[in-house]
Amino acid sequence: MKAMSTYQFPSKVFLSGADCFHLMLEINSKKYQTGNNVIRIVLHFNNEDSALPILANIRLSPLIYWFCNIHLVKGFWFQKPHWKFVDRGNKIEIKEHVSVANTDVPTEILDRKITLDNKSQIEFDLIRYPSQKVAIVISWHHIVMDARGSRLLTAHLSNPLPSDPSFFTDFFPGKAKRGSLIEYIRNMYEVKHFIEDSSRAPIATVSQPGITKRNFKIQTIHFTNQETERIDKTAKKNGAHFGANAFLLACCAHLVNEINKIRRSVGTIWLPVPYDGRKRGGHGPIVTNCISFLFYRLPQSDLTSLKKTVASINEQMSDQIKSDWPKKFNMLLDMMRYFPLRLHYFLSNRPSKGVVSSFLYTSAGEDTWDTNKLLTDAIEDVLIIPPLVFPPGLTFSFSRHNNTLRMNIVYCSNILKEAELDVMHQFINRFLESTVHVENS
């Protein structure tokens, strides 16, 4: 691409510690031949003309071209893995589809994997609906970027390409500051003991042994403005005073616990939740994951009521942030970049006896995806489809668009049966005190 020579792009980008955490998950993906750590954003438009500027920018963007021409160098002992740009001339492709339904994402898109061996780590699809509406689907391997990065990428694609040669510099991570080796080693043992205690077995999970076939399913629940307001009020009544996230997380823990009650397999719920330590409204690079994790352990005594669960989540979150655990955990992940993935995998899974988590949870709140503030007005709706990682094979995600809440349940149909999904819907109504609008894909 000629535009590449106009801008300043790195030939090498080192993976962050969080990237390597996702790289480690590839071992599970190959082991069970299920799931794929791919995120998708579905941008809905009222008509194809509204989508044309973004489609044009996708084809013209040198950043997208860079994504299409990188390959992963995994590294060896004491050599950090990194993305290497090699201009193979891989073109930016936008696959086109015609949907028979008005809002669904075709199965051929949902089931399509992006592996580290793909010629491109980011893919684009255009869906045409009978209503004349269209959707652009952006799919990428989670190792490439996190949710905040995808928001910044979409903002970039919503605006004209800049003329400043250094414009794209901020889209890549800066040079990491070197710390004290003694501090890193001391921190490594401190965090190791904390995580071993937090994730110690036994842990209740929705996963079942012997699952070797991935069957991707997604249900999207749309809440109206009035329902969203009621949910936010209910969250405050239950003790979530700094946004609804702790309440929504508590609801998901109860949903899983109810399913485990039916299965007579209740126990302690444990899960790592992504934590973005960047300031509200802050930017940061698009490429690489810039997140850490908070870890929540919820025994049955914390699951007797939503209020008690929220209180436990608030307390654990506050203690970990005060103790600077997200930063310390990132230091551990950064250090683990120098060790073989198999050793990383063993150390991470040993305390929980192979259980990655009870379920997976992610939330992109108002600051991340309220597109009426951040992006072009042409985007009518946004759907974020999180990865289906097995185990556990069940992911909940929440996002907001135009001040309305969206909930996604992504699952393996051979993990969560239809009858169990119906039970979840009953409890969603009870917990959130709303009438849900469900769309299947």
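In the predicted model, isoleucine 41 stands opposite isoleucine 384, a residue of strand E12. The strand pairing concerned joins E2, which spans residues 38–45, to E12 in the antiparallel sense, and the two strands are connected over 6 bridges. Strand E12 itself covers residues 379–385, and because 6 of its 7 residues are buried, it is largely enclosed by the rest of the structure. One residue of E12 also takes part in a charged contact, since the side chains of aspartate 381 and arginine 406 meet in a salt bridge with an N to O distance of 2.8 Å. This pair links distant parts of the chain, with aspartate 381 in strand E12 and arginine 406 in strand E14 (residues 404–412), 25 residues apart. Both partners fall below the 20% limit for burial, aspartate 381 with a relative accessible area of 15% and arginine 406 with one of 8%. Elsewhere, Glu48, Glu96 and Arg128 are joined into one network by salt bridges that share partners.

With regard to the overall architecture, the protein contains 14 helices and 15 strands. Of its 441 residues, 57% are buried, while the area that the protein exposes amounts to about 19,600 Å², of which carbon and sulfur atoms supply 54%. When contacts between residues at least 6 apart in sequence are considered, 78% of them join residues at least 24 apart.

The count of salt bridges in the model comes to 13. In one of them, the side chains of arginine 112 and glutamate 123 meet at 2.8 Å, N to O. Arginine 112 lies in the loop between helix H4 (107–110) and strand E6 (122–128), whereas glutamate 123 belongs to strand E6, so the pair ties together parts that are 11 residues apart in sequence. Arginine 112 is buried, with a relative accessible area of 17%, and glutamate 123 is likewise classed as buried, at 12%. A further salt bridge is formed by the side chains of aspartate 197 and arginine 200, with an N to O distance of 3.1 Å. Here the partners are partly exposed, the relative accessibility being 48% for aspartate 197 and 39% for arginine 200.

Aromatic side chains were examined in the same manner, and the count comes to 15 aromatic pairs. For phenylalanine 168 and phenylalanine 171, the ring centres are 5.5 Å apart and the planes meet at 80°, so the pair is edge-to-face. Phenylalanine 168 has a relative accessibility of 0% and therefore counts as buried, and phenylalanine 171 is also buried, with a relative accessible area of 12%. A contrasting geometry is found for tryptophan 270 and phenylalanine 295, whose ring centres lie 6.1 Å apart with planes at 10°, so that this pair is stacked. Because tryptophan 270 lies in strand E9 (residues 269–275) and phenylalanine 295 in strand E10 (residues 292–298), the pair ties together parts that are 25 residues apart in sequence. Tryptophan 270 is buried at 5% relative accessible area, and phenylalanine 295 is buried at 6%. Phenylalanine 168 and phenylalanine 171 additionally belong to one aromatic cluster, which is formed by Phe9, Trp66, Phe67, Phe167, Phe168, Phe171 and Phe172.

Two further sites illustrate a buried and a partly exposed setting. Histidine 142 is located in the loop between strand E7 (134–141) and helix H5 (147–157), and its relative accessible area of 11% places it among the buried residues. If residues up to four places away in sequence are not counted, histidine 142 touches His22, Asn37, Ile39, Asn289 and Pro387. Tyrosine 189, by contrast, is partly exposed, with a relative accessible area of 44%, and is found in helix H6, which comprises residues 181–198. Together with Leu181 and Ile185, Tyr189 forms a nonpolar patch on the surface, and the accessible area of these residues together is about 300 Å².

Terms used
Residues numbered from 1 in each chain as written. Predicted model: local features only at pLDDT ≥ 70, side-chain atom pairs only at ≥ 80, totals over all residues. Heavy atoms only, no water. Patch = residues over 30% accessible without salt bridge, like charges linked within 9 Å, V, L, I, M, F, W, Y side chains within 5 Å. Areas by Shrake-Rupley, 256 points an atom, 1.4 Å probe, with all protein chains shown as cover. Salt bridge = Lys/Arg side-chain N within 4 Å of Asp/Glu carboxyl O. Helix = DSSP H or I, 4+ residues; strand = E, 2+ residues; numbered from the N terminus. Buried < 20%, exposed > 50% of the residue type's maximum accessible area, 1.4 Å probe, protein only. Contact = heavy atoms within 4.5 Å. Pairing = 2+ DSSP bridges. Phe/Tyr/Trp six-rings, centres within 6.5 Å; stacked < 30°, edge-to-face > 60°.
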